[in-house]
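Thank you all for making time this morning. I would like to walk you through one structure, taking a pocket and then a metal site in turn.

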Amino acid sequence: MPVITGLLQKKMNETSYKKLAALKNPKVTAFVEEFARRCNPRSIYVCDDGPEDAAYLRKLALEKGEERPMALPNQTIHWDGYGDQGRDKKATRYLARPEQLEKMRSLGALPYEEGLAEILGIAENIMEGKDAVVKFFAEGPTRSPFTVPCVQFTDSFYVAHSEAILYRPAYDHFLNMKDGEKDVFFRFIHSAGRLDKLGCSVNIDKRRVYMDTKDNIVYSMNNQYAGNSIGLKKHSMRLAINKSGNEGWLCEHMFLMAALNPEKGRKTYFAGAYPSACGKTSTAMIPGEKIVGDDIVYLRNIGGEFRGVNVEQGIFGIIKDVNAEDDPVIFKNLMLDQETIFSNILQGPDKKPYWLGCGLETPGEGMNNHGPWKKGDRDAEGKEVPLAHGNARYTIRLDYLDNFDQEGFEAKEGVKVQGILYGGRDSDTTVPVEESPSWEDGILLKACTLESETTSATLGKEGVRTPSPMANLDFVAYPLGRYVLNNLNFVKGIKDTPRIFSNNYFMRGPDGKFMTGKLAKKVWLHWAEGRIHGEYGAHETPTGRIPLYPDLKKLFKDLLDTEFSEADYTYLFTFRCSKWLEKLDRTAAFFKKMDPDAPALLDARWEEAKKKIAAAKAAHGDEIPPGAYKP
Ligand code: SPV
Ligand code: MN
């Protein structure tokens with residue numbers, strides 16, 4: 001029997017105490033007891049999986065002012081502090097044991113003892129006078145080969161409420177754990193710290209997110225923005241990447257969706273990784289297809305098949321530019337009276353939600369993450385405060401969406417993934433869609449070379465390319481070279497390895513304008529779908545295989561009822577040798593910087609690709625139109 005101390009009895013009511021005791025899990029009890037002592041909340045409420053407890057979290061978030069009511073009764077709004085509007089990369093660190101430290105320095109590691117002492121110092125009495133909550137969740141479906149059980153201890157009812165929307169409940173899963181499994185779960189301790197009148201964390205200078213990948217625990221203090229606070233999202237993802245690396249599966253920063261081909265009676269699952277602002281959500285939500293998840297997947301070899309699950313059950317989505325025209329499915333849902341948390345947008349005097357690019361007439365005043373707001377207001381640095389933040393978000397359950405793939409979401413053994421998409425952003429190098437001839441080539445030439453290019457909309461210089469291998473760099477919790485090797489090795493023993501494709505929706509024409517409309521991604525996806533089923537021919541390029549013009553012309557006509565000219569095709573699918581040589585040089589240099597001990601085979605493969613491209617350039621010129629290249 002677990003020892004439940006007098007301290008917990010003092011801080012819990014009888015129901016909560018009984019729920020904790022019923023788990024008969026000494027490691028859970030010890031975790032709760034330790035942070036009850038260190039953080040010293042006034043009370044601790046333990047949640048089970050029932051709707052009453054989920055409703056209680058929402059009610060408390062409202063009562064405590066962390067969320068506020070909106071015009072529609074089921075919607076609420078939350079504000080993160082003015083300086084807590086995105087993931088804090090600088091303050092997010094790994095606590096590395098001596099044997100891990102050197103290899104994890106480039107990922108932001110701190111010496112274990114030093115970092116732990118600092119974060120525990122910050123945690124001391126941080127919840128004094130506040131109420132805390134303990135809730136159990138699972139990453140992936142419960143009772144499945146994918147399940148990672150998690151326990152969250154937080155003093156933020158906004159965080160707990162968000163998690164209740166975003167993750168599968170798992171109190172019952174903990175209750176039914178067998179003796180041998182009881183030690184294996186992730187632990188998250190979070191405090192928003194002291195709050196101001198808007199319900200926002202005040203001590204942002206003491207904001208820290210410290211992760212111990214060896215003991216699978218994350219400490220997050222003095223923040224609320226979900227990417228900093230929610231244990232189950234990016235903290236859990238880093239622990240899962242480490243765990244999967246040790247155990248031979250994968251945790252990837254990917255959506256999971258199905259391309260539908262009703263004519264042929266096919267449903268083909270794709271997973272896709274895109275750095276931010278490269279089209280990830282819009283690909284997951286292509287009209288007429290099905291979505292399983294939009295952010296994180298676990299991939300496993302199950303019975304020789306490549307299978308994946310969505311780790312989450314909701315979306316924490318960027319709201320900017322969600323409007324009736326560009327994003328009709330989400331927009332419609334945000335106008336309905338269903339459980340929704342808006343964050344960092346404007347609450348108008350009519351108590352309705354307004355955000356940047358919402359396509360509605362917006363009021364000149366209201367409340368936002370700056371407090372009471374009027375158009376033209378300036379912040380302490382003299383910068384105009386926009387009506388909402390560019391990283392403002394909405395939190396909803398996925399099953400509200402008409403295009404939600406319930407079947408794929410519920411499958412305990414996941415869905416069979418047949419295609420992987422790696423989508424970057426550049427104006428002049430990567431063609432809209434290209435298939436890799438092999439898994440290995442896909443990982444080394446498509447996934448590792450992913451980059452996103454700054455635009456005039458982002459701060460800093462235009463046209464700068466940021467390396468973003470697998471779109472996962474912020475979360476890779478062990479040396480990058482080994483992570484790539486694990487990706488390469490993952491398919492050993494898999495019978496039907498998925499095809500890998502690259503995407504780039506952002507090619508610009510000679511006039512500097514985008515070459516294709518937002519919906520063209522449906523055509524690239526369906527070309528990939530057809531290739532998987534052996535349908536289309538292809539031209540070779542030095543890096544892969546590209547579509548033939550007549551196939552795309554027909555797909556544009558059939559799927560979008562638009563014309564696609566041969567001139568546009570030729571421009572978009574021209575292989576640009578020098579641009580690719582530069583891209584491979586940037587990739588190799590980046591890996592050298594991040595992981596000097598990365599296996600030699602990575603460099604060797606990039607050198608080999610460069611030789612092939614240099615030879616192609618010598619034979620065909622710098623810009624090789626589709627079909628001209630002969631290997
Ligand atoms: C991302 O930035 O990749 C997100 C949002 O999905 S956050 O929760 O901030 O990580
Ligand atoms: Mn993400």
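Which element gives the largest share of the lining of the second largest pocket? Please keep in mind, as we look for the answer, that what you see is a predicted model. The element is α17, which contributes five residues to that lining.

Let me describe this pocket more fully. The second largest pocket holds about 410 Å³ of space, and of the 17 residues that line it, those closest to its centre are Asn 261, Glu 263, Leu 555, Asp 558 and Leu 559. Two or more lining residues come from each of β13 (255-261), α16 (520-532) and α17 (549-560). If we sort the lining by class, we find nine charged residues, together with five nonpolar and three polar ones.

Now I turn to the metal site. The manganese ion, which is ligand 2, is coordinated by Lys 234 through NZ, His 253 through NE2 and Asp 295 through OD, at 2.2 to 2.3 Å. Along the sequence, these donor residues follow the spacing K-x18-H-x41-D. His 253 sits in the loop between β12 (250-252) and β13, while Asp 295 sits in the loop between β15 (290-293) and β16 (297-302), so this pair ties together parts that are 42 residues apart in sequence.

Are these two donors, His 253 and Asp 295, buried or exposed? His 253 has a relative accessible area of 11% and is therefore buried, since the cut-off for that word is under 20%. Asp 295, at 8% relative accessibility, counts as buried by that cut-off too.

Methods
Residues numbered from 1 in each chain as written. Chains lettered and ligands numbered in written order. Predicted model: local features only at pLDDT ≥ 70, side-chain atom pairs only at ≥ 80, totals over all residues. Heavy atoms only, no water. 1 Å grid on protein atoms, 1.4 Å probe; cavity = no way out; pocket = protein on both sides within 12 Å on 5 of 7 lines; lining within 4 Å. Points joined across faces, edges and corners; volume = space filled by probe spheres on them. Helix = DSSP H or I, 4+ residues; strand = E, 2+ residues; numbered from the N terminus. Nonpolar A, V, L, I, M, F, W, Y, C, P; charged D, E, K, R; others polar. Donors = N, O, S within 2.8 Å, 3.2 Å for Na, K, Ca; no water. Buried < 20%, exposed > 50% of the residue type's maximum accessible area, 1.4 Å probe, protein only.
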